[in-house]
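Work through the exercises below with the structure open. Try each task before reading its solution.

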Amino acid sequence: MLADNLKQICEEIQLACDHVQRPIEDVTMIAVTKSVESYQAEELIKLGVEDLAENRVDKLLEKKAVLKEFSNVKWHLIGNLQRRKVKLIINEVDYFHALDSLKLAEEIQKRSQKILPCFVEVNVSGEESKHGFKPDEVLSFIQDIAVFNKIKVIGLMCMAPLNASDSEVHMIFSQLKKLQLNVSEQRLPHAPCTELSMGMSNDFPIAIEEGATFVRIGTAIFRGA
Ligand SMILES: *Cc1c(COP(=O)(O)O)cnc(C)c1O
């Protein structure tokens, strides 16, 4: 079941890459395991998946502890992170996808023992319910954290609205791509900003067409499993 789903998703990733003539190596599929148990995450690892994501601190710590023998796995924290939880988690993750405030950046700077690859979260669609910076705040935020030597801004992250049309989703992802280019052109040493974390189960082909380098996929992997 899982293997079939994975195969199908890989084919869709390949198709989307072909469509815009991007090499598939440029796209990393992150498996979002937030809705499944550790044993299901383990099955995925055994099928060759190396990037796993959780959106909650406790769940990530729990799975990472159960699966600690699989030292090749890279752990992504993709959800909103409360400042008081930074110290519990920040040295347990390989990537953080939801950097959304200066206060959070300060706390990460204080608690992290290594340089952490981070994505700045952008609220491209402007929905009130969403976290993230407004597009026009992103560059100045990134400039403000230049002094924080524990944070490396490797890219930007966004989520498209749930019930947007395909053309709206295209527009949102292409706006994030433009913003990413804008930041990377500044050649800031702490913010290469070459990556784009965008695309979930129902919109990852569009995200890839618009330049996603990390897609975060949950439901589509575990459907029927
Ligand atoms: C749950 C989640 C995903 C995966 O969503 P699916 O629709 O299940 O693929 C991706 N990104 C974030 C931030 C999430 O919370």
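**Exercise 1.** Locate Lys114 in the fold, then decide whether Lys114 is buried, partly exposed or exposed.

*Solution.* The model is predicted. Start with the secondary structure. Helix 5 covers 102-111 and strand 5 covers 116-121. Lys114 lies in the loop between them. Next, take the relative accessibility, which is 31% for Lys114. Buried means under 20%, and exposed means over 50%. Lys114 therefore counts as partly exposed.

**Exercise 2.** State how far apart Lys114 and Met200 are, in sequence and in space.

*Solution.* Along the sequence, 86 residues separate Lys114 and Met200. In space, go from C-alpha to C-alpha: the distance is 29 Å.

**Exercise 3.** List the residues around the ligand and sort the shell by class.

*Solution.* Walk along the chain. The shell holds Val32, Lys34, Asn55, Ile78, Met159, Met200, Ser201, Arg216, Ile217, Gly218 and Thr219. Now sort by class. There are 5 nonpolar, 4 polar and 2 charged residues.

**Exercise 4.** Find the ligand's polar partners among the side chains of Lys34, Arg216 and Thr219.

*Solution.* Use a cut-off of 3.5 Å between N or O atoms. Begin with the ligand's oxygen atoms. One is 2.8 Å from a side-chain N or O atom of Lys34. For Thr219, a ligand oxygen is 2.4 Å from a side-chain N or O atom. Then turn to nitrogen. A ligand nitrogen is 2.8 Å from a side-chain N or O atom of Arg216.

Finish with cover. On its own, the ligand has 390 Å² of accessible area, and the protein covers 88% of that. The ligand takes up the space of the largest pocket.

Key. Residues are numbered from 1 along each chain as its sequence is written. This is a predicted model: local features need pLDDT of at least 70, side-chain atom pairs count only at pLDDT 80 or more; totals for chains, interfaces and linings use all residues. Side-chain values use heavy atoms; hydrogens and water are left out. A residue is near a molecule or strand if one of its heavy atoms lies within 4 Å of it. A polar contact is a pair of N or O atoms within 3.5 Å; within protein, one must be able to donate a hydrogen and the other to accept it, and residues adjacent in sequence count only if both atoms are side-chain atoms. Accessible areas come from the Shrake-Rupley method with a 1.4 Å probe; for residues, only the protein chains shown count as cover. On a 1 Å grid over the protein atoms alone, a cavity is a set of points where a 1.4 Å probe fits but cannot get out, and a pocket is an open set with protein on both sides within 12 Å along at least five of seven lines; lining residues have an atom within 4 Å of a point. A molecule sits in a cavity or pocket if more than half of its atoms lie within 2 Å of its grid points. Ala, Val, Leu, Ile, Met, Phe, Trp, Tyr, Cys and Pro count as nonpolar, Asp, Glu, Lys and Arg as charged, and the others, Gly among them, as polar. Helices (H or I, at least four residues) and strands (E, at least two) are DSSP runs, numbered from the N terminus. Buried means under 20% relative accessible area, exposed over 50%, partly exposed in between (1.4 Å probe, protein chains only).
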